[in-house]
Amino acid sequence: WVTETNCYWESTAPHPSSQEQCLRITGQKLTHGMGSIAKMDMIGDIERYSWWTTWNKQIKPNYLTYKSGQLTPIGKAYLDPHSTDPNICDYPGARINASQAAIDGAELIYCDST
């Protein structure tokens, strides 16, 4: 297990946006190699990892979904970290505030180790 990973704390002034974190996870940002989640997927000794945190009102751009349930750029990258689609990290529309994010309607999915 690798627990509590994210790209939020790589810088604090300002913290990276959801779009920026998506670019880092998928390796579409040249400074981040192949991307942290993509790399962990390829390491045989890592069976599972978790995103920290899926929701926290103090960590505004770190959500996996919007209040509507639509995936954020981070959520899309978390589900498809090997994506080479240049549009995966795009926002679906206007950038939203943390007050629009929600944890209700979430579904826990268990995946067998690979």
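**Entry 1: Ile37**

I opened with Ile37 and listed its contacts beyond four places in sequence: Thr5, Ile25, Tyr49, Trp51 and Pro81. A reminder to myself before going further: this is a predicted model.

Next I asked which residues have the most contacts inside the largest nonpolar core. Ile37 is on that list, together with Cys22, Ile25, Met40, Tyr49, Trp51 and Ile74, and the core as a whole has 13 residues. I then looked up the elements that give two or more residues to this core, and found helix H1 (18-25), helix H2 (36-42), strand E2 (49-51) and helix H3 (73-79).

**Entry 2: the chain as a whole**

I stepped back to see the overall layout. I count three helices and two strands, and they come in the order β-α-α-β-α along the sequence.

The chain has 114 residues, and 34% of them are buried. For the surface, I noted about 7,300 Å² exposed, with 52% of that supplied by carbon and sulfur atoms. I also checked the contacts between residues at least 6 apart in sequence: 57% of these join residues at least 24 apart.

**Entry 3: strand E1, through Val2**

For a look at strand E1 (residues 2-5), I picked Val2. Is Val2 buried or partly exposed? Its relative accessibility is 24%, and buried means under 20%, so Val2 counts as partly exposed.

I then asked what Val2 is in contact with, leaving aside neighbours within four places in sequence. The answer is Met40, Ile46, Arg48, Tyr49 and Ser50. Two of these names, Met40 and Tyr49, I had already met among the core residues with the most contacts. For Ser50 I also looked up the C-alpha separation from Val2: 6.8 Å, for a pair 48 residues apart along the chain.

**Entry 4: helix H1**

H1 kept turning up, so I gave it a page. Why is H1 largely enclosed by the rest of the structure? Six of its eight residues are buried, and that is the reason. I wrote down their names: Ser18, Glu20, Gln21, Cys22, Arg24 and Ile25. These buried residues pack against H2, E2 and H3.

Just past the end of the helix I checked the backbone, and Gly27 has a positive phi of about 75° there.

**Entry 5: charges on H1**

Glu20 and Arg24 are both on the list of buried residues in H1, so I wanted to know what they pair with. Side chains of opposite charge can pair when their charged atoms come close. How many salt bridges does a search of the whole structure find? It finds two.

Glu20 takes part in one with Arg24, where the closest N and O atoms are 3.1 Å apart. Both residues lie in H1, four residues apart, about one turn of the helix. Arg24 has a relative accessible area of 10%, so it is buried.

The other salt bridge joins Glu20 to Lys29, with closest N and O atoms 2.9 Å apart. Lys29 is partly exposed, at 28% relative accessibility. Through the shared partner, Glu20, Arg24 and Lys29 form one network.

**Entry 6: the disulfide**

I searched for disulfides and got a count of one. Cys22 and Cys89 form it, with sulfur atoms 2.0 Å apart. The angle about the S-S bond is -75°, which I noted as left-handed. Which parts of the chain does the pair link? Cys22 sits in helix H1 and Cys89 in the segment after H3, 67 residues apart, and these are distant parts of the chain. Both cysteines are buried, and Cys22 is also one of the core residues with the most contacts.

**Entry 7: Thr26**

My last stop was Thr26, in the loop between H1 and H2. Its relative accessible area is 7%, so Thr26 is buried.

I looked for a partner for its side chain and found the backbone oxygen of Cys22, 2.9 Å from a polar atom of that side chain. Beyond four places in sequence, Thr26 touches Met34, Gly35, Ala77, Asp80, Pro81, Ser83 and Cys89. Two of those names tie back to earlier pages: Pro81 is also a contact of Ile37, and Cys89 is the disulfide partner of Cys22.

How values were computed:
Residues numbered from 1 in each chain as written. Predicted model: local features only at pLDDT ≥ 70, side-chain atom pairs only at ≥ 80, totals over all residues. Heavy atoms only, no water. Core = buried A, V, L, I, M, F, W, Y, C linked by side-chain atoms within 4.5 Å. Buried < 20%, exposed > 50% of the residue type's maximum accessible area, 1.4 Å probe, protein only. Contact = heavy atoms within 4.5 Å. Areas by Shrake-Rupley, 256 points an atom, 1.4 Å probe, with all protein chains shown as cover. Salt bridge = Lys/Arg side-chain N within 4 Å of Asp/Glu carboxyl O. Disulfide = S-S within 2.5 Å. Polar contact = N/O pair within 3.5 Å; in protein donor to acceptor, adjacent residues only side chain to side chain.
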